[in-house]
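Me: I have a model open here and would like to talk through how its parts fit together. Could you take a few questions about it?

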Amino acid sequence: MANIAGPASRLTLEGVGRLQARTVVLLLCLGTAGALRQKGIEARVQNDGWQACASEGYPVPNAGLVRFGWGMVWTEAQLPAGAACSVASFGNDPTPNILKTCQCAMTTAQDASISHRTDLGINWSFCGHEGDQCSCPSGTIRFGSGSRWSSAKFGLSQPSVSCDVANFRGEDPAAGFAKECWCAETQESTPPPARVAIVLLSRHPPDLQRWLAYHVNYMGVEHVFMLVEDTPNFSRTWESIPAALQSHVTVWRGAAPQPDTDQRPADDYESLQARQVRTMAAAKVTAGNMGISWLIHIDDDELLYAPVYRSVGSILASMPSGFDQAYIPNVEAVYPSADIKSCFSETRSINVNPATYVSYANGKSAVRVSNSDAIPAGPHMWKTASSRDLPSIHMTSEPFGSPLMVVHFESCPFARWEDKYWELGNTSPKMIRKIPFRFYKESIRRMQRCRGNGLNSGDCSEAALRQLWARFKTTASRAIRPSDLMPLHIPWDEIKV
C-alpha cells in the first residue's frame, strides 16, 4: 500500500470570485450539504475524472489518488484502502466547518481485484468458484464470500482441491451465498512481525490461563498489561498460571472494595469506562518504554481472532506508515446453550450482524505507540490530545473484509452474567436509561429486583434467569438468523494452555 503523498489544495482565481459571490448561499445550504452524508454512498461519476467514494468519517474503499473537500476546494493525497475520509488522513482541512466528502480518481481499471488481491501484505490469486477445482502451489486456500472467510492448509502433494464446504472442516463461512476460493501466493519476503501488547481491566477473569495462552502462544502477542480489580482470589489464580505465561504479563492491582453491607463496587456502568481509559493511558506509556509498536485494548472476555490465520504482529506490521490507528471490528460469540462451561473452547459460532448484537458494535482499535500525541477516546479508540482524529485505517475495507476481529464472549458463562450484573446493580435509573443495549438494561433491572426480593421464585428463579440469558445469548435467539452466523475455528488442541 502506498504512503501518504503531500497534500495540495487547489483553488482557481475564477473559483475565488465565484466562491465569494456565493458565500451566503453556501452557508445557508450547510444543512443540505449535511444531508448528503450517506452510510452507503454510491459511486457517482464526475465530468472531471473523479467519482464520489466516501462520506466524511467513512473509509475509502480502494487504494489510490483521493481528494477531500467540497464544492471547488479540495486537497489530494495517495491513500491506502480503508483510510478514513477525514482531515487526519489528508493533513489539512480545505473547508473548515463544512461537511466534506471524498472523491477517488477514476482509472482504466476501476476494479483491479478480479483475479488478484493484496490483503495487508499477503497476495492472493483467484482459483475457483464453489464446486471448481482449485490449484494452489502454496497449499493455503481461503474459502468464502464478501467479508466472510475460512481457510485451510493443504499438502503440497495435492495438485488441486475441490472448492467446497467439505474441504474446509464442513464449516460454511457464508451460508446462503455463492462462495469462491483464493490461493495465497508464495511471499518473496515479509516484514518482521510488529511487537504488540494488550491492555485490559479485569474482574474475576473467567478463564485467564486459556486467554493468555491463546494470545501469547497462538496470536503472537508479546505483552499484556492487566489492571485487576475486586478479585479477592486473584493471587490463587495467578499462582496457577505457568511462569512462561506470567513473564509476558504486567499486573497492576486496583484498590480493595469498601467494606459495607452491600458488597457491590461503589461504581456503575459509566465509571467503569473511565477506569479503563486511565489504564489504557498508563499502559501506552509503559509500552513505549518497552519498545512495543502497537497497543490494543480488549477485555478478559474477548479474543483477537484472525479467520484466515495470521499473528496479530504480522497483520499490524503491514499497516501503511503514516497511519497510527487501525479500527478492528467486533463480532459476538453465540453459545450452544445456557449450560456452557468453557466459553472460549466450546463456542463454534459467531454473529457477524451488528444489528442483532446484544452489546457494543463499534469495534476496538490498535494504536501505534510511537505517536506520543495519541490518548484514549474511550475504551474503543484513540484521538489526539487536542481531540482530533488520528490518521486511521478501517480494517473492514480490506479486500476480503477485516483480517482481524475481536470476538466478544459477553456474559459467559451464566454464572459470570449473574456476578456482572449484580455488581452493576448500583447503576442509577437515569444511567440505565442512557445505556444503549437492551440486554444490559434488562439484565441490570432484573438483578436489581431479584437481589432485593430473593432468587427463589417467579422470574427470579434460576430457571427464569437462565431463560432470560439464553433468549439473548444462544442459538435459540429469535433475533439471530442462520445467515448471521459464521463458524469460529480455533485449534485449541494445538494451543499449549
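Me: Which residue of β20 stands opposite E332?
Reply: Keep in mind that this is a predicted model. β19 and β20 pair in the antiparallel sense over three bridges. Within that pairing, the residue of β20 opposite E332 is N351.

Me: And on the β25 side, which residue is the bridge partner of E332?
Reply: Strand β19, residues 330–334, runs parallel to strand β25, residues 405–408, and three bridges join them. One of the residue pairs there is V331 with V407 of β25. For E332, the bridge partner in β25 is H408.

Me: How many of the residues of β19 are buried?
Reply: β19 has β25 as a parallel partner and β20 as an antiparallel one. The strand is mostly covered, and the count of buried residues is five of five.

Me: What is the strand order of the open sheet with mixed pairing, and which strands stand at its edges?
Reply: The sheet has five strands, in the order β17-β25-β19-β20-β26. Neighbouring strands in this sheet are turned against each other by 35° on average, ignoring direction. Each edge strand has a single partner, so one of its sides is left without a neighbour in the sheet; these strands are β17 (302–305) and β26 (485–487).

Me: Back to N351: is this residue buried or exposed?
Reply: N351 lies in strand β20, which covers residues 349–351. Beyond its neighbours within four places in sequence, N351 is in contact with V331, E332, V334, T356, Y357, I480, D484 and L485. Buried means under 20% relative accessible area. Because the value for N351 is 0%, this residue is buried.

Me: Is N353 buried or exposed?
Reply: N353 is found in the loop between β20 and β21 (364–368). Its contacts, leaving aside neighbours within four places in sequence, are with R481 and D484. The cut-off for buried is under 20% relative accessible area. N353 comes to 18%, so the residue is buried.

Me: How far apart in space are N353 and M486, C-alpha to C-alpha?
Reply: Along the sequence, 133 residues separate N353 and M486. In space, the C-alpha to C-alpha distance between N353 and M486 is 9.9 Å.

Me: Let's move to the helices. At roughly what angle do the axes of α11 and α14 cross?
Reply: Helix α11 spans residues 414–423 and helix α14 residues 462–473, and their axes come within 11 Å. The two helices are roughly perpendicular to each other, a term that covers angles of 65 to 115 degrees. The axes cross at roughly 95°.

Me: Which residues make the contact between α11 and α14, and how many of them are charged?
Reply: F414, W417 and E418 contribute from α11, while α14 brings E462, L465, R466, L468 and W469. The residues of this contact include five nonpolar and no polar ones, and the number of charged ones is three.

Me: Now the hairpin of β3 and β4: which residue there takes a positive phi?
Reply: Strand β3 (residues 64–70) and strand β4 (residues 73–79) run antiparallel and are joined by seven bridges. W70 stands opposite V73 in β4. There are two residues between the strands of the hairpin, and the one with a positive phi, near 65°, is G71.

Me: β3 also pairs with β5; which residue of β5 is opposite V66?
Reply: β3 and strand β5, residues 101–105, are paired in the antiparallel sense over four bridges. Opposite V66 in β5 stands C104.

Me: Is A63 buried or exposed?
Reply: A63 sits in the loop between β2 (50–55) and β3. Outside its neighbours within four places in sequence, A63 is in contact with L79, P80 and A81. A residue counts as exposed at over 50% relative accessible area. With a value of 53%, A63 is therefore exposed.

Me: What distance separates the C-alpha atoms of A63 and A83?
Reply: A63 and A83 are 20 residues apart along the chain. Their C-alpha atoms are separated by 8.5 Å.

Me: Finally, for the protein chain, what percentage of the residues is buried?
Reply: The secondary structure of the chain comes to 14 helices and 26 strands. Of the contacts with a separation of 6 or more, 73% are between residues 24 or more positions apart. The accessible surface is about 23000 Å², and carbon and sulfur atoms account for 52% of it. Among the 497 residues of the chain, the buried share is 51%.

Notes:
Residues are numbered from 1 along each chain as its sequence is written. This is a predicted model: local features need pLDDT of at least 70, side-chain atom pairs count only at pLDDT 80 or more; totals for chains, interfaces and linings use all residues. Side-chain values use heavy atoms; hydrogens and water are left out. Two strands pair if DSSP finds at least two bridges between them. Axes are lines fitted to C-alpha atoms, for helices over the stretch in contact, and angles run from 0 to 180 degrees between N-to-C directions. Angles under 35 degrees count as roughly parallel, over 145 as roughly antiparallel, 65 to 115 as roughly perpendicular and the rest as oblique. Contact means heavy atoms within 4.5 Å. Ala, Val, Leu, Ile, Met, Phe, Trp, Tyr, Cys and Pro count as nonpolar, Asp, Glu, Lys and Arg as charged, and the others, Gly among them, as polar. Buried means under 20% relative accessible area, exposed over 50%, partly exposed in between (1.4 Å probe, protein chains only). Accessible areas come from the Shrake-Rupley method with a 1.4 Å probe; for residues, only the protein chains shown count as cover.
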